[in-house]
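Let's take a walk through this one together. Have the sequence and the 3D view open side by side, and we'll go from one landmark to the next.

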Amino acid sequence: MLSDQEVRTPRLSFVEQLRPFVADEDSFGRISGDLQDVLAASAWLLKTVAQHENRRLSPAELEQLVAELDTRFVEHMFYHLMSLREDLKVTLERFPVRREDRAANLQAFQLT
């Protein structure tokens with residue numbers, strides 16, 4: 001099993017650098033919070049998968065694992081990724097880049 005240190009959530013020091021480009025403080029807070037929650041959910045997934053490595057699960061254990069994956073990871077990630085998508089789209093538009101570069105960025109991230 002992975003220890004808490006092995007799945008430690010990294011600091012997101014780059015997020016503070018986004019502050020001049022975000023639409024407002026609410027958007028900044030959402031981006032920061034969403035990224036922290038995505039990292040925490042990812043750490044949970046890694047730890048959970050490691051706990052079940054090389055062992056055969058009973059049908060009841062497997063059902064419980066699938067239910068937890070759905071609610072604690074998939075639903076949680078979906079919510080935060082959709083939120084990030086909206087805030088990052090606006091943030092990307094506020095970067096001082098050439099117009100054609102901005103269009104390429106938006107197309108690359110399928111945000112158009």
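**A walk along helix α2**

Keep in mind from the start that this is a predicted model. A handy place to begin, a little off the helix itself, is F95: its relative accessibility is 25%, so it counts as partly exposed. F95 sits in the loop between α2 and α3 (99-108), and its ring partner, F21, belongs to the segment before α1. That puts the two 74 residues apart, so to speak at distant parts of the chain that the pair links. How are the two rings arranged, then? Their centres are 4.1 Å apart and their planes meet at 10°, so F21 and F95 are stacked. F21 has a relative accessibility of 21%, so this residue also falls in the partly exposed class, given that buried means under 20%. If you go looking for other aromatic pairs, you can stop here: a search of the whole structure turns up just 1.

There is another ring to look at. R19 lies over the face of F28, at 3.8 Å from the ring centre.

Now for the helix. α2 covers residues 59-93, and its 35 residues should span 51 Å at 1.5 Å a residue; the end C-alpha atoms are 49 Å apart, which agrees. Trace the axis and you'll find a bend of about 30° at D70.

Which residues of α2 are buried? They are L65, F73, M77, H80, S83, L84, D87 and T91. It helps to recall that an α-helix has 3.6 residues a turn, so residues three or four places apart point the same way. As for what the buried residues of α2 pack against, look across to α1 (25-51).

S83 is one of that buried set, and it's a useful one to zoom in on. Its relative accessible area is 17%, so S83 is buried, since the cut-off is under 20%. Setting aside neighbours within four places in sequence, S83 is in contact with R30 and D34.

Some of α2 is less hidden. R72, also in helix α2, has 45% relative accessibility and therefore counts as partly exposed. Beyond residues up to four places away in sequence, R72 touches A41 and W44. From R72 to L45 the C-alpha distance is 8.6 Å, although 27 residues separate them in sequence. E61, another α2 residue, is partly exposed too, with a relative accessible area of 33%. Apart from residues up to four places away, E61 touches R55 and R56.

Finally, step back to the nonpolar interior. The largest nonpolar core has 13 residues, and those with the most contacts inside it are V15, V22, I31, L35, F73, M77 and L84. Both α1 and α2 supply at least two residues of this core, but which helix gives the most? That is α1, with 6 residues. To see how some of this fits together, click on L35: leaving out its neighbours within four places in sequence, L35 is in contact with L12, F14, V15 and L84. And L84 brings us back to where the helix tour was, as one of the buried residues of α2.

Notes. Residues are numbered from 1 along each chain as its sequence is written. This is a predicted model: local features need pLDDT of at least 70, side-chain atom pairs count only at pLDDT 80 or more; totals for chains, interfaces and linings use all residues. Side-chain values use heavy atoms; hydrogens and water are left out. Helices (H or I, at least four residues) and strands (E, at least two) are DSSP runs, numbered from the N terminus. The expected span of a helix is 1.5 Å times one less than its number of residues. The bend at a residue is the angle between axes fitted to the seven residues ending there and the seven starting there. Buried means under 20% relative accessible area, exposed over 50%, partly exposed in between (1.4 Å probe, protein chains only). Contact means heavy atoms within 4.5 Å. A nonpolar core is a set of buried Ala, Val, Leu, Ile, Met, Phe, Trp, Tyr and Cys residues joined through side-chain atoms within 4.5 Å. Rings of Phe, Tyr and Trp (its six-membered ring) pair if their centres lie within 6.5 Å; planes under 30 degrees apart count as stacked, over 60 as edge-to-face and the rest as tilted. A charge sits over a ring if NZ of Lys or CZ of Arg is within 6 Å of the ring centre and within 35 degrees of the ring normal.
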